[in-house]
Amino acid sequence: MPSKIWVTVKPQVKKSAVKKISDGEFAASVHAPAREGKANEALIELLADYFSVPKSSIRIVRGEKARRKLIELP
């Protein structure tokens with residue numbers, strides 16, 4: 001059964017990183033700008049590396065155009 005987490009994204013930073021805030025809540029910083037879905041793509045790549053899962057299995061459920069997103073993981 002897939003699990004869901006909340007991620008607060010900060011786009012256009014120098015260094016990409018993921019930080020666990022609490023169970024089910026994370027903060028992520030991505031280098032990509034928040035234009036044309038580039039930050040979302042970078043976020044999915046970053047989370048795939050962090051959780052060691054394929055990029056295709058990560059899905060943005062809610063908040064595609066917001067900083068706070070609900071992410072579905074396998």
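**View 1. The largest nonpolar core of the predicted model.** This core holds 17 residues, and those that touch the most other members are Val7, Leu43, Leu47, Ile58 and Ile71. Two or more residues each come from strand 1 (3–10), strand 3, helix 1 and strand 5 (68–73). Helix 1 supplies the largest share, six residues.

**View 2. Surroundings of Val7.** Val7 belongs to the group of core residues that touch the most other members. Apart from neighbours within four places in sequence, Val7 is in contact with Phe26, Ala28, Leu43, Leu47, Arg67, Arg68, Lys69 and Ile71. Three of these names, Leu43, Leu47 and Ile71, also appear beside Val7 in the list of core residues touching the most other members.

**View 3. Surroundings of Ile58.** Ile58 is located in the loop between helix 1 and strand 4. Is Ile58 buried or exposed? Its relative accessibility is 6%, so Ile58 counts as buried. With neighbours within four places in sequence left aside, the contacts of Ile58 are Ile44, Leu47, Ala48, Val53, Ile71, Glu72 and Leu73. Ile58 and Pro74 are 16 residues apart along the chain, and their C-alpha atoms are separated by 7.1 Å.

**View 4. Glu72 in strand 5.** Glu72 has a relative accessibility of 17% and therefore counts as buried, the cut-off for this class being under 20%. Not counting residues up to four places away in sequence, Glu72 touches Pro2, Ser3, Lys4, Ser57, Ile58, Arg59 and Val61. The contact with Ile58 is also part of the view centred on that residue.

**View 5. The aromatic cluster of Phe26, Tyr50 and Phe51.** The model has three aromatic pairs. In one of them, the ring centres of Phe26 and Tyr50 are 5.9 Å apart and the planes meet at 75°, so the pair is edge-to-face; the cut-off for that class is over 60 degrees. This pair links distant parts of the chain, since Phe26 is in strand 3 (residues 25–29) and Tyr50 in helix 1 (residues 38–51), 24 residues apart. Tyr50 also pairs with Phe51: the centres are 4.9 Å apart and the planes are at 85°, which makes this pair edge-to-face as well. The accessibility of each ring-bearing residue is as follows.

- Phe26 is buried, with a relative accessible area of 5%.
- Tyr50 is partly exposed, with a relative accessible area of 40%.
- Phe51 is partly exposed, with a relative accessible area of 26%.

**View 6. Arg68 over the ring of Trp6.** Arg68 lies over the face of Trp6, and the distance from the ring centre is 4.2 Å. Arg68 is also one of the residues in contact with Val7. For orientation, Arg68 and His31 are 37 residues apart in sequence, with a C-alpha to C-alpha distance of 17 Å.

**View 7. The hairpin of strand 2 and strand 3.** Strand 2 (residues 17–22) and strand 3 run antiparallel and are joined by five bridges. Lys20 has Phe26 in strand 3 as its bridge partner. How many residues lie between the strands of this hairpin? There are two residues between the strands, and Gly24 takes a positive phi near 85° in this hairpin.

**View 8. His31 in the loop between strand 3 and helix 1.** With a relative accessibility of 53%, His31 counts as exposed. Its side chain reaches the backbone oxygen of Val13 at 3.0 Å. Not counting residues up to four places away in sequence, His31 touches Gln12, Val13, Lys14 and Ser16. Val13 is thus named both as a residue touched by His31 and as the owner of the backbone oxygen that the His31 side chain reaches.

**View 9. Positive phi at Glu36 and at Ser52.** Glu36 is not a glycine, yet has a positive phi of about 55°. The residue is placed in the loop between strand 3 and helix 1, and Glu36 counts as exposed at 72% relative accessibility. Ser52, again not a glycine, has a positive phi of about 55°. Ser52 is in the loop between helix 1 and strand 4 (59–62) and counts as exposed at 65% relative accessibility.

Notes
Residues numbered from 1 in each chain as written. Predicted model: local features only at pLDDT ≥ 70, side-chain atom pairs only at ≥ 80, totals over all residues. Heavy atoms only, no water. Phe/Tyr/Trp six-rings, centres within 6.5 Å; stacked < 30°, edge-to-face > 60°. Helix = DSSP H or I, 4+ residues; strand = E, 2+ residues; numbered from the N terminus. Buried < 20%, exposed > 50% of the residue type's maximum accessible area, 1.4 Å probe, protein only. Lys NZ or Arg CZ within 6 Å of the ring centre and 35° of its normal. Core = buried A, V, L, I, M, F, W, Y, C linked by side-chain atoms within 4.5 Å. Contact = heavy atoms within 4.5 Å. Polar contact = N/O pair within 3.5 Å; in protein donor to acceptor, adjacent residues only side chain to side chain. Pairing = 2+ DSSP bridges.
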